[in-house]
Protein chains: 2
Amino acid sequence: MSRTVYLNGEYVPEQEAMVSIFDRGFVMGDAVYEVTAVIDGKLWDFEGHVARLARSLDALEIQNPLDRETLLEIHHELIRRNPDFTDGGIYLQVSRGNAGDRDFVYPAADVAPTVVLYTQSKPGLLNDPKAKTGIKVISVPDLRWHRRDIKTVQLLYPSMAKMAAKKAKADDAWFVEDGKVTEGSSNNVYIVKDGKIITRELSHDILHGITRAAVLRMAKEAQMQVEERAFTIEEAQSADEAFFTSASAFVMPVVEVDGAKVGTGTPGKVATRLREIYLEESAKTAL
Amino acid sequence: MSRTVYLNGEYVPEQEAMVSIFDRGFVMGDAVYEVTAVIDGKLWDFEGHVARLARSLDALEIQNPLDRETLLEIHHELIRRNPDFTDGGIYLQVSRGNAGDRDFVYPAADVAPTVVLYTQSKPGLLNDPKAKTGIKVISVPDLRWHRRDIKTVQLLYPSMAKMAAKKAKADDAWFVEDGKVTEGSSNNVYIVKDGKIITRELSHDILHGITRAAVLRMAKEAQMQVEERAFTIEEAQSADEAFFTSASAFVMPVVEVDGAKVGTGTPGKVATRLREIYLEESAKTAL
């Protein structure tokens, strides 16, 4: 069934949702995005995504076109207008808009940002069988730009990395820079050693994951030890466990890194427990 | 007057030229581009741009949708259909196309690339008064991705750099990485010291400029000395001359770098001579 999507104030059939060839999202990669998970028709971690969207827009000096209430209403309206959609994600993109021509200089203030939202259905998202088996990753050099804390649509390299993983019969790729892992192609990554959860500290080098923030908070509340520092591929290979977090996969065990089994090669206790806690807690605050 | 633009096989009014919100150029920065200068209704360095387009597409495993003859015909047809357009550039963009939804994984082979071409009029381009006065640049850290040899539309950072230059009342920004200049925000850069032209060697770190290749060839033919190596901002500030090359500005003198005058603070002899030679020679092979 065709989706109804949101585009600049209107709800339209997905086939009719078009933007200008001059839109800065198309000609300059000048746009940011968010993906909010939807489970049983409810939004998970909505507040976190709205807050990060505001930060991304602010960092790029793009005017924030919609307040929290309006965004929440659009998300809910998309769920209502797409009755087959109960589980998956709602993708949101804001570009600097259509200036009517291509120019490196930002358009005048009266050019409105382009706002697009649409649903992506993933039935059974909560019970992804990968969570039971864990996933395999390869490492690739991190060739992305250096403001990864801004969630822009400049996703060509992550896309290339995902394709490299696919060719290597792995599930995902981890980026390595200056000998240390930065993050996964679309997620934050963690290892567990001697009971301690180790994950890279926040900086311009990585995305400030909404799920990362929630999971670390929950880990601390559960009296787990957390150390925020970068780690190497070798450390990951000799760790007891590894996992990643993202808005659409929650907490996902990683059982192989560059062909080497991590721990027993099966999902670890810490990752499994954190996934349970995260799913349980997030459901409570779903909107 | 409204332009007629080319979009996926059709010539349409610019206001009707729209792409899907799922186009990978819009959601992933997954697209490449070229700009060919047009002077007196003729294309400059067309062969170079077609060759580089093919290299960019090949590097990204995007199928090359149009052969040289077809591209040439489209360029000429755009000139015919936009009679007010005689000087400026023709912008060409090829994205990986519209897969009907957003996914990091490349779409199936039957998804055709999106092809867009349009004219950008710049009357008097050849006699840009800046060529007589020279331009001022500031330096900024190079935060771009690390495959700058592929001419992708991931231009947000160059756009931010251009805005930073504007705020600093300069004309452009030069990128600096590991203490050395890589290139300008949308051009290749050079200094001249003791009669020798110095410019960074080709690698993944910089764009392989079409105008760069032509100008270096002409410099050598004119018995000028050329050294291909990276240089620092301090070297540029104490050089005899500086300049940049690009398809739309040709050879452009740079007379100030981070507030320091280069040489006498006026366009240098080498840059001025190279501009003359380039304009003269390019006009001869225009198509």
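This is a short tour of a predicted model, going from the two chains as a pair, through their contact, to the sheet inside each chain.

**Stop 1: both chains**

Colour by chain and superpose chain B on chain A. The operation is a rotation of 180 degrees with 0.0 Å of shift along its axis, and the RMSD comes out at 0.0 Å. That is how a two-fold axis relates its copies. Which surface do the copies use to meet? Of the interface residues of chain B, 98% are also interface residues in chain A, so the copies meet through the same surface.

**Stop 2: the contact as a whole**

Now select the residues on either side of the contact: you should get 58 from chain B and 57 from chain A. Together the two chains bury about 4800 Å², and 65% of that is on carbon and sulfur atoms. For the residues behind that area, show B:Phe26, B:Phe104 and B:Leu156 as sticks: these supply 16% of the area that chain B buries against chain A, more than any other three residues.

**Stop 3: polar and charged pairs across the interface**

Keep the interface up and switch on the polar pairs. Between chain B and chain A there are 30 residue pairs in polar contact, counting those with both residues at pLDDT 80 or more. Which elements of chain B give two or more residues to this side? Among them are β1 (4–7), β4 (31–39), β6 (88–95) and α5 (156–167) of chain B. Select α5(B) in particular, as α5(B) gives the most, with 9 residues. If you colour the side of chain B that touches chain A by class, you get 29 nonpolar, 14 polar and 15 charged residues.

On to the charges. Side chains of opposite charge can pair when their charged atoms come close. The structure holds 54 salt bridges over all chains, and 4 salt bridges are counted between chain B and chain A. Zoom in on B:Glu61 and A:Lys167, which form a salt bridge with the closest N and O atoms 3.1 Å apart. Then pick B:Asp101 and A:Arg3, another salt bridge, with the closest N and O atoms 3.1 Å apart. This pair crosses between chains: B:Asp101 is in the loop between β6 and β7 of chain B, while A:Arg3 is in the segment before β1 (4–7) of chain A.

**Stop 4: a strand from each chain**

Select residues 18–20 in both chains. Here β3 of chain A pairs with β3(B) in the antiparallel sense, over 3 bridges. What is the bridge partner of A:Met18 in β3(B)? Click across from A:Met18 and you land on B:Ser20.

**Stop 5: the sheet in chain A**

Hide chain B for a moment and go to cartoon view. Chain A has an open sheet of 6 strands with antiparallel pairing, in the order β2-β1-β7-β6-β4-β5. At the edges are β2 (10–13) and β5 (42–43) of chain A; each has a single partner strand, so one side of each is left without a neighbour in the sheet. At the β5 end, β4 (residues 31–39) of chain A pairs with β5(A) in the antiparallel sense over 2 bridges. Label A:Ile39 there and look opposite, to A:Lys42 in β5(A).

**Stop 6: the sheet in chain B**

Bring chain B back. Its open sheet of 6 strands also reads β2-β1-β7-β6-β4-β5, with antiparallel pairing. The edge strands, β2 (10–13) and β5 (42–43) of chain B, each pair on one side only. Finish at the β2 end, where β1(B) and β2(B) pair in the antiparallel sense over 4 bridges. Select B:Leu7, and opposite B:Leu7 stands B:Glu10 in β2(B).

How values were computed
Residues are numbered from 1 along each chain as its sequence is written. Chains are lettered from A and ligands numbered from 1 in the order in which they are written. This is a predicted model: local features need pLDDT of at least 70, side-chain atom pairs count only at pLDDT 80 or more; totals for chains, interfaces and linings use all residues. Side-chain values use heavy atoms; hydrogens and water are left out. Contact means heavy atoms within 4.5 Å. Buried area is the accessible area (1.4 Å probe) that two parts lose on being put together, summed over both. A salt bridge is a side-chain nitrogen of Lys or Arg within 4 Å of a carboxyl oxygen of Asp or Glu. A polar contact is a pair of N or O atoms within 3.5 Å; within protein, one must be able to donate a hydrogen and the other to accept it, and residues adjacent in sequence count only if both atoms are side-chain atoms. Ala, Val, Leu, Ile, Met, Phe, Trp, Tyr, Cys and Pro count as nonpolar, Asp, Glu, Lys and Arg as charged, and the others, Gly among them, as polar. Two strands pair if DSSP finds at least two bridges between them. Copies are superposed by least squares on the C-alpha atoms of residues with pLDDT of at least 70 in both.
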